[in-house]
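Colleague: Please take a close look at one part of this model and follow outward from it. I would like a connected account, with the criteria stated as you go.

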Amino acid sequence: MKPLAQMACDVLTTADGHEKTALSRRYAAEWFEARSKGLTPEIGTASPPLRPARPEKPDLLDPRDVPRRKPGSPEGRIAMLHAVAHIELNAVDLHWDIIARFTDTKMPIGFYDDWVKSADEESKHFNLICDRLHAEGSHYGACPAHAGMWQSAEETADDLMGRLAVVPMVLEARGLDVTPGMIGLFKQAKDHATVEALNVIYAEEVHHVAYGSKWFHFLCGRHDLDPKVAFHALVQRYFHGALKPPFNEEKRAEAGLPPDFYWPLADETPDRTARASGFRQKTAHNPM
Ligand SMILES: [Fe+2]
Ligand SMILES: [Fe+2]
């Protein structure tokens, strides 16, 4: 079995989405087979590319140039599924990247278990959504996609705590906020297969945020830092702009993200009525 960091680089340098996710799933299965036998496989070191290999299509556009379609229309739903597939493929790379990029920082083996599992789940998510695109006569690559998605990874390439703060604890947490609205749209369209796929994603994404919070708190403990203060400083350094309510407070809590982590970074103060009545399912656009 190859050292894990080398496996991670192999996934990162594979361009085709289906090949990338197949390799990702195969390596994850090898890792967990070894772990189930009580082994501690070698992590090793590697030189991950600054940007992962990507297929020729989709065209990557500035977010402002990605055409918006009515979310209620069939084209709108395909565009939305395409955006989700793009996010999932990025997420596969993000989880392998955190494994390969920070091998200088000694971490417990559980850190690697968590990100290998997450990468495996993202690979499954990409394929679930691609199946839905095919069922609608489309495919990944058919629509333009967001070019900026790797930016946070590049900006935190030298800062593991910054990476944890911005990627799982901000970007993936945002996914928890917007997914219920998206599920609602597909329910309305009576697209039960997509609802089922999105429910799988929704349930599993909670863990990715939780792993981020767990290892962020672990590193704060190691460096004797106040986690909330450190989180605010890192998000302000690496994340451009304010966080957008409404927040899915229930799922965020389940993932170990307390309100005083994210509300102070929001572009509006908490609406007391909304907070008292729990999360309002109002956002359906721009899944991230
Ligand atoms: Fe995912
Ligand atoms: Fe995720």
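Modeller: E122 has a relative accessibility of 1% and therefore counts as buried (under 20% relative accessible area; exposed is over 50% and partly exposed lies in between, with a 1.4 Å probe and protein chains only). The model is predicted, so local features need pLDDT of at least 70 and side-chain atom pairs count only at pLDDT 80 or more, while totals for chains, interfaces and linings use all residues; side-chain values use heavy atoms, without hydrogens and water. Residues are numbered from 1 along each chain as its sequence is written, and chains are lettered from A and ligands numbered from 1 in the order in which they are written.

E122 bridges the iron ion (ligand 2) and the iron ion (ligand 1), which lie 3.8 Å apart. The protein donors of ligand 2 are E122 (OE), E172 (OE), E205 (OE), E205 (OE) and H208 (ND1), at 1.9 to 2.8 Å. Donors are N, O and S atoms within 2.8 Å of the metal (3.2 Å for Na, K and Ca); water is not among the atoms, so sites may look incomplete. Along the sequence, the donor residues of ligand 2 follow the spacing E-x49-E-x32-E-x2-H. Because E122 belongs to helix α4 (residues 109-135) and E205 to helix α7 (residues 192-222), this pair ties together parts that are 83 residues apart in sequence. Helices are DSSP runs of H or I with at least four residues, numbered from the N terminus. E205 is also buried, at a relative accessible area of 10%.

From the E122 side, helix α4 packs with helix α2 (residues 17-36) at an angle of about 145 degrees, the axes being 9 Å apart. Axes are lines fitted to C-alpha atoms over the stretch in contact, and angles run from 0 to 180 degrees between N-to-C directions. Residues of α2 that meet α4 include W31, F32 and R35, and those of α4 include D120, S123 and F126; contact means heavy atoms within 4.5 Å.

From the E205 side, α7 is one of the elements that cover the buried residues of α8, together with α5 (151-155), α6 (160-188) and α10 (259-262), among others. Those buried residues are A230, F231, H232, L234, V235 and Y238. K228, also found in helix α8, is partly exposed at 31%. Leaving aside residues up to four places away in sequence, K228 touches D260 and F261.

Methods
Helices (H or I, at least four residues) and strands (E, at least two) are DSSP runs, numbered from the N terminus.
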